[in-house]
Amino acid sequence: MHLSEAEREQRARFGQSYRRNLLPVMLRIEKAVCGCNYGGTSWATRGEIDDVAEKRARRPGQRLLDLGAGSGWPGLYLAASSGCDITLVDLPAEGLVIAAARAKADRLAGVLSVAAADGRALPYGDKRFDAITHSDVLCCLPGKQAVLAECRRTVADKGRMIFSVISVAPDLSEIDRARAIETGPPYVASAIGYGEMFERTGWETVETVDLMAQFLKSATTFLEVDRENRADLAELLGEEDYEQRLQKDRDLIDAITRGILRRDLHCLRAG
Ligand SMILES: C[S@@+](CC[C@H](N)C(=O)[O-])C[C@H]1O[C@@H](n2cnc3c(N)ncnc32)[C@H](O)[C@@H]1O
């Protein structure tokens with residue numbers, strides 16, 4: 001897999017996060033913000049993922065791909081609640097090792113498969129999955145269209161894909177666009193909109209759910225619990241990085257409140 005220097009650095013950072021997110025203070029924060037304890041790094045809440053499960057009810061024997069699965073959220077949760085087979089794909093091995101251990105402890109009924117691979121070149125044959133999900137993954141990578149095309153190739157006829165993504169709001173002034181890009185995840189910007197990317201890669205939109213209210217609530221809770229856990233976080237991160245983290249929290253709340261950064265859930269079907 002060919003990754004740029006910046007992507008290799010990001011893979012290392014995510015790998016470190018998955019290890020660190022198992023610490024009690026990080027699990028407390030995740031529980032307060034997202035309502036779960038998988039050591040995740042996305043903004044996907046338990047309520048949001050229950051909604052995903054409802055929109056695309058899964059059952060034993062169905063094959064689900066969670067792309068950019070990190071340490072198993074939300075793929076393992078969806079598999080545990082439905083009994084479907086689950087494939088987890090991500091770049092850093094650290095998260096996948098944690099996910100595999102969690103799957104074993106949870107005694108999943110379905111088949112688990114795990115691969116350290118690039119979403120732009122999935123190591124699977126055509127039409128392998130009945131459904132695909134990902135949580136805030138496309139905003140963390142370049143080559144979004146290549147990933148969408150690979151998902152289209154590997155999903156079965158009439159297959160579905162449901163995913164959340166953070167994006168820069170359209171039609172912003174130059175200053176606001178620059179601010180949104182600075183505040184959002186590393187690859188939040190895209191040259192063309194998601195609707196056009198779906199068309200180009202053979203996906204049809206079934207529904208787009210506006211997640212802004214929950215995004216603001218989650219970001220606000222994140223700042224609150226970061227403050228409540230000051231002592232533990234400052235010890236873990238160092239005083240300077242802790243203060244930077246709080247500033248990032250405030251910047252994010254400001255960007256969401258002003259509507260310059262968006263978060264949406266896209267429900268697509270193979271066209
Ligand atoms: C915001 S995290 C979400 C992780 C997990 N699903 C969760 O909810 O906690 C985004 C994930 O996308 C992964 N990712 C970034 N680029 C990728 C690529 N080219 N192929 C596969 N995964 C990628 C990252 O390694 C990271 O784990």
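**View 1. Strand 4 and its pairing with strand 5 in the predicted model.** In this predicted model, H134 stands opposite F163 of strand 5, and this pair of residues belongs to a parallel pairing in which strand 4 and strand 5 are joined over six bridges. Strand 5 covers residues 155–168, while strand 4 covers residues 129–135 and is mostly covered, with seven of its seven residues buried. Between these two strands comes helix 6, residues 144–154, and strand 4, helix 6 and strand 5 together make a right-handed β-α-β unit.

**View 2. Strand 4 and its pairing with strand 1.** Strand 4 also pairs with strand 1, which is made of residues 63–67, and the two run in the parallel sense over three bridges. Within this pairing, L64 stands opposite A131 of strand 4. Strand 4 thus appears in a pairing with strand 1 and in another with strand 5.

**View 3. Strand 2 and its pairing with strand 1.** Strand 2 spans residues 85–90 and is mostly covered, five of its six residues being buried. With strand 1 it pairs in the parallel sense over five bridges, and L67 has V89 as its bridge partner in strand 2. The chain passes from strand 1 to strand 2 by way of helix 4, residues 75–82, in a β-α-β crossover that is right-handed.

**View 4. Strand 2 and its pairing with strand 3.** Strand 3 consists of residues 112–116 and runs parallel to strand 2, to which five bridges join it. V89, which is the partner of L67 in the pairing with strand 1, has A115 as its bridge partner in strand 3. Helix 5, residues 93–106, belongs with strand 2 and strand 3 to a β-α-β unit that is right-handed.

**View 5. The shell of residues around the ligand.** In the model, 19 residues surround the ligand, and the closest of them are Y18, T41, S42, G68 and D90. Sorted by class, this shell comprises ten nonpolar, six polar and three charged residues.

**View 6. Polar contacts of the ligand.** An oxygen atom of the ligand lies 2.6 Å from a polar side-chain atom of Y18, a residue that is also listed among the closest to the ligand. Two further contacts involve the protein backbone: a polar backbone atom of W73 is 2.8 Å from a nitrogen atom of the ligand, and a backbone N or O atom of G119 is likewise placed 2.8 Å from a nitrogen atom of the ligand. Taken alone, the ligand exposes 590 Å², and the protein buries 98% of that area.

**View 7. The cis peptide bond between W73 and P74.** The peptide bond that leads from W73 to P74 is cis, with an omega near 0°. P74 is located in the loop between strand 1 and helix 4, and W73, on the other side of this bond, is the residue whose polar backbone atom lies 2.8 Å from a ligand nitrogen atom.

**View 8. Two lysines with positive phi.** K127 has a phi near 55°, a positive value in a residue other than glycine, and it is placed in the loop between strand 3 and strand 4. K158 also has a positive phi, in this case near 65°, and is again a residue other than glycine, but K158 lies in strand 5. With a relative accessible area of 44%, K127 is partly exposed, whereas K158, with a relative accessible area of 74%, is exposed, the limit for that class being over 50%.

**View 9. R58 in a loop and Q214 in a helix.** R58 has its place in the loop between helix 3 (46–55) and strand 1. Its relative accessibility is 11%, and R58 therefore counts as buried, a class that takes in values under 20%. The C-alpha atoms of R58 and R102 are 20 Å apart in space, with the two residues 44 apart in sequence. Q214, by contrast, lies in helix 9, which is formed by residues 212–228, and it counts as partly exposed because its relative accessibility is 29%. Q214 and Y242 are 28 residues apart along the chain, and their C-alpha atoms are separated by 24 Å.

Technical notes:
Residues are numbered from 1 along each chain as its sequence is written. This is a predicted model: local features need pLDDT of at least 70, side-chain atom pairs count only at pLDDT 80 or more; totals for chains, interfaces and linings use all residues. Side-chain values use heavy atoms; hydrogens and water are left out. Buried means under 20% relative accessible area, exposed over 50%, partly exposed in between (1.4 Å probe, protein chains only). Helices (H or I, at least four residues) and strands (E, at least two) are DSSP runs, numbered from the N terminus. Two strands pair if DSSP finds at least two bridges between them. A crossover is right-handed if, with the strands pointing away from the viewer, the path from the first strand over the helix to the second runs clockwise. A residue is near a molecule or strand if one of its heavy atoms lies within 4 Å of it. A polar contact is a pair of N or O atoms within 3.5 Å; within protein, one must be able to donate a hydrogen and the other to accept it, and residues adjacent in sequence count only if both atoms are side-chain atoms. Accessible areas come from the Shrake-Rupley method with a 1.4 Å probe; for residues, only the protein chains shown count as cover. Ala, Val, Leu, Ile, Met, Phe, Trp, Tyr, Cys and Pro count as nonpolar, Asp, Glu, Lys and Arg as charged, and the others, Gly among them, as polar.
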